[in-house]
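Me: I would like to go through this structure by question and answer. Please give the reasoning before each result.

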Amino acid sequence: MYKLFFKRVFDYTLSLVAFFIILPIFLLIMIILLIVNKGKPFFRQIRVGKNEKVFSILKFKTMKDIVDIHGNKLPDKKRVTGIGRFLRKTSLDELPQLLNIISGKMSLIGPRPLPEKYLPFYNVEEKIRHSVLPGMTGLAQSEGRNRLNWDDKLKYDIKYVNELSFILDVKIFFKTIHNVLSRKDVSSTGVDSPGNFDVYRKQQMMKNK
């Protein structure tokens, strides 16, 4: 009953209330980023949601759109702005995802939504992560966040889907708040790790040949 009905009710209610509470902070960050990023406060990217349906995730924009002489984007560490680094370390860059939750594309708790290009690289067991709505935070984020490698992250996603319950969501919610406030398991540069999943799996394939 929780998974089929009450989880969505809680997601919608809590996200709507939270959004109106943090609205002054939301607007302040948006104004600052309008100036820093030359009129572009938000970052949108296609991610994979429930049943492998794609949607546009919304975040505050933390990096500049700068490229090298060949037109390729520079590494994240060179593009992230000062305010962007702060937003990432404090997880404030995630606040716009409350709108994704309110619209029904995401949940407060669930496997993090990942880029569409990763789809061919999941094994059969790992694909279970797409049987539920992706979350603003999840079991992997509460248990290790940036210090986990991809295999461990996906194992936590599988564990979450198989053990999904109200009690588990409550534990993840409060542990995430603790981790954010203590800045536990956050990269010192404010740039996410451990890199791209497709590259990680290709490297594994090469090693296994």
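Me: What is the mean pLDDT of the chain?
Reply: This is a predicted model, and pLDDT is the predictor's confidence in each residue, from 0 to 100. In this chain, 94% of the residues reach 70 or more. The mean pLDDT of the chain is 91.

Me: Over which residues is the pLDDT below 50?
Reply: One stretch has 13 contacts in the model beyond near neighbours in sequence. Its pLDDT is nevertheless below 50. The stretch is residues 188-192.

Me: How many bridges join strand E1 to E2?
Reply: E1 covers residues 42-48 and E2 covers residues 54-60. The two strands run antiparallel and form a hairpin with five residues between them. Among the pairs, Phe43 has Lys59 as its bridge partner, and Val48 has Val54. The number of bridges joining E1 to E2 is seven.

Me: Which residue in the loop between E1 and E2 has a positive phi of about 60°?
Reply: Most residues other than glycine have a negative phi, and most peptide bonds are trans. Glu52 lies in the loop between E1 and E2 and has a positive phi, but its value is near 65°. The residue with a phi of about 60°, also not a glycine, sits in that loop and is Asn51.

Me: Is Asn51 exposed or buried?
Reply: The cut-off for exposed is over 50% relative accessible area. Glu52, at 36%, is partly exposed. Asn51 has a relative accessibility of 52%, so Asn51 counts as exposed.

Me: How many of the seven residues of strand E2 are buried?
Reply: Buried means under 20% relative accessible area. Phe55 lies in E2 and, at 5% relative accessibility, counts as buried. E2 is mostly covered, and its count of buried residues is five.

Me: Which residues of E1 does Phe55 contact?
Reply: Neighbours within four places in sequence are left aside here. The contacts of Phe55 include Asn100, Lys105, Met106, Pro113 and Pro134, as well as Gly49. E1 is residues 42-48, and the contacts of Phe55 that fall in that range are Gln45, Ile46, Arg47 and Val48.

Me: How far apart in space are Phe55 and Asn149, C-alpha to C-alpha?
Reply: In sequence, Phe55 and Asn149 are 94 residues apart. Asn149 is not named among the contacts of Phe55. Their C-alpha to C-alpha distance is 25 Å.

Me: Which backbone atom does the side chain of Gln141 reach at 3.1 Å?
Reply: Gln141 belongs to helix H6, residues 139-143. At 17% relative accessibility, Gln141 counts as buried. Not counting residues up to four places away in sequence, Gln141 touches Arg112 and Asn179. The atom reached by its side chain is the backbone nitrogen of Gly138.

Me: What distance separates the end C-alpha atoms of helix H8?
Reply: H8 covers residues 166-182, which is 17 residues. At 1.5 Å a residue, the helix should span 24 Å. The model agrees, with its end C-alpha atoms apart by 24 Å.

Me: Within what arc do the buried residues of H8 fall?
Reply: The buried residues of H8 are Leu168, Asp169, Ile172, Thr176 and Asn179. Seen down the axis of H8, they line one face of the helix, because they fall within an arc of 95°.

Me: Which residues are exposed on the other side of H8?
Reply: The buried residues of H8 have cover that includes helices H1, H6 and H7 and strands E3 and E4. The other side of H8 carries exposed residues. These are Ile167, Lys171, Phe174 and Leu181.

Me: What phi does Arg183 take?
Reply: Arg183 comes just after H8. Its phi is positive, at about 55°.

Me: Which exposed residues does the face of H9 turned away from its buried side carry?
Reply: In H9, residues 197-208, the buried residues are Phe197, Asp198, Tyr200 and Arg201. They cover an arc of only 160° around the axis, which puts them on the same side of H9. Their cover includes H7. The face turned away carries Met206 and Lys207.

Conventions
Residues numbered from 1 in each chain as written. Predicted model: local features only at pLDDT ≥ 70, side-chain atom pairs only at ≥ 80, totals over all residues. Heavy atoms only, no water. Buried < 20%, exposed > 50% of the residue type's maximum accessible area, 1.4 Å probe, protein only. Helix = DSSP H or I, 4+ residues; strand = E, 2+ residues; numbered from the N terminus. Pairing = 2+ DSSP bridges. Polar contact = N/O pair within 3.5 Å; in protein donor to acceptor, adjacent residues only side chain to side chain. Contact = heavy atoms within 4.5 Å. Expected span 1.5 Å × (residues − 1). Arc of directions from axis to C-beta.
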